[in-house]
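Good morning, colleagues. I should like to take a few minutes to walk through one structure, from its helices to its cores and loops.

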Amino acid sequence: VFRQCEEKNMPTLIAAIFVTGGLGALARLSCQILGKKITLDFPIGTVAANILAAFCIGIVMPLEMPFELKAVIASGFIGSLGTLSSICSDMFLLIKDREFLRALLYVVCTVCLGYLAFTLGKTCGGLF
């Protein structure tokens with residue numbers, strides 16, 4: 001990411017990624033809190049956050065925009081919204097509770113629905 005950015009713009013780029021990363025993390029937390037209100041038995045909030053992130057990155061990828069803006073959106077906000085660490089943490093808790101079928105369903109939902117959301121986002125992003 002940083003090799004393509006001019007050295008004079010580097011502090012601004014880092015600050016922008018820092019801020020948008022925080023916003024993405026807050027958005028993920030909001031999804032997780034809402035998910036807990038829906039069900040305590042399944043990490044639906046994390047699934048929703050990751051599907052939303054996959055959709056968003058699908059939209060952003062084909063768009064023509066300056067490299068720095070794409071880096072801020074993709075690495076900052078979207079990168080924090082959908083995280084592998086949240087998936088691993090939720091999976092660990094499901095397996096620890098011996099909820100093997102739910103853990104499998106969680107992974108399949110996250111990967112398959114995430115891929116479909118990415119594809120839909122890429123199609124939408126290609127329209128612009």
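Let me begin with a question: is Thr 83 buried or exposed? Please bear in mind that we are looking at a predicted model. Thr 83 has a relative accessibility of 14%, and because the cut-off for buried is under 20%, this residue counts as buried. Its place is in the loop between α3 and α4. Beyond the residues up to four places away in sequence, Thr 83 touches Arg 28 and Asn 50.

Arg 28 leads us to helix α1. This helix covers residues 10-38. Its 29 residues should span 42 Å at 1.5 Å a residue, and the end C-alpha atoms are indeed 42 Å apart, so expectation and model agree. Arg 28 is one of the buried residues of α1, and the others include Met 10, Leu 13, Ile 17, Cys 31 and three glycines, Gly 21, Gly 24 and Gly 35. What lies over these buried residues? The cover includes α2 (44-60), α3 (67-81) and α4 (84-96).

Helix α1 also has residues that are open to the outside. Phe 18 belongs to this helix, and it counts as exposed because its relative accessibility is 68%. Together with Val 19, Leu 23, Leu 26, Leu 29 and Ile 33, Phe 18 makes a nonpolar surface patch of about 620 Å².

I turn now to the interior. Which residues make up the largest nonpolar core? There are 7 of them: Cys 31, Ala 49, Ala 53, Cys 56, Val 60, Ile 78 and Leu 81. At least two residues of this core come from each of α2 and α3. Helix α2 gives the largest share, with 4 residues. Ala 49 is a useful member to examine: setting aside neighbours within four places in sequence, its contacts are Arg 28, Cys 31, Leu 81 and Gly 82. A second core, separate from this one, has 6 residues, among them Phe 42, Ile 87, Leu 94 and Ala 103.

Ala 103 brings us to helix α5, residues 100-125. From first to last C-alpha, the 26 residues of α5 reach 37 Å, close to the 38 Å expected at 1.5 Å a residue. Ala 103 is among its buried residues, as are Tyr 106, Cys 109, Thr 110 and Ala 117. Helices α2 and α4 are included in what covers the buried residues of α5.

How many salt bridges does the model contain? The count comes to 1. It joins the side chains of Glu 99 and Arg 102, with an N to O distance of 3.8 Å. Glu 99 counts as partly exposed because its relative accessibility is 30%. Arg 102, at 31%, is partly exposed as well.

I close with the loop between α2 and α3, where Met 65 is found. With a relative accessible area of 22%, Met 65 is partly exposed. Apart from neighbours within four places in sequence, Met 65 is in contact with Val 60, Lys 70 and Ile 73. How far apart in space are Met 65 and Gly 45? The C-alpha atoms lie 30 Å apart, for a separation of 20 residues in sequence.

Thank you for your attention.

Notes
Residues are numbered from 1 along each chain as its sequence is written. This is a predicted model: local features need pLDDT of at least 70, side-chain atom pairs count only at pLDDT 80 or more; totals for chains, interfaces and linings use all residues. Side-chain values use heavy atoms; hydrogens and water are left out. Patches are made of residues with over 30% relative accessible area and no salt bridge: like charges are joined within 9 Å, nonpolar side chains (Val, Leu, Ile, Met, Phe, Trp, Tyr) within 5 Å. Accessible areas come from the Shrake-Rupley method with a 1.4 Å probe; for residues, only the protein chains shown count as cover. A salt bridge is a side-chain nitrogen of Lys or Arg within 4 Å of a carboxyl oxygen of Asp or Glu. Buried means under 20% relative accessible area, exposed over 50%, partly exposed in between (1.4 Å probe, protein chains only). The expected span of a helix is 1.5 Å times one less than its number of residues. Contact means heavy atoms within 4.5 Å. A nonpolar core is a set of buried Ala, Val, Leu, Ile, Met, Phe, Trp, Tyr and Cys residues joined through side-chain atoms within 4.5 Å.
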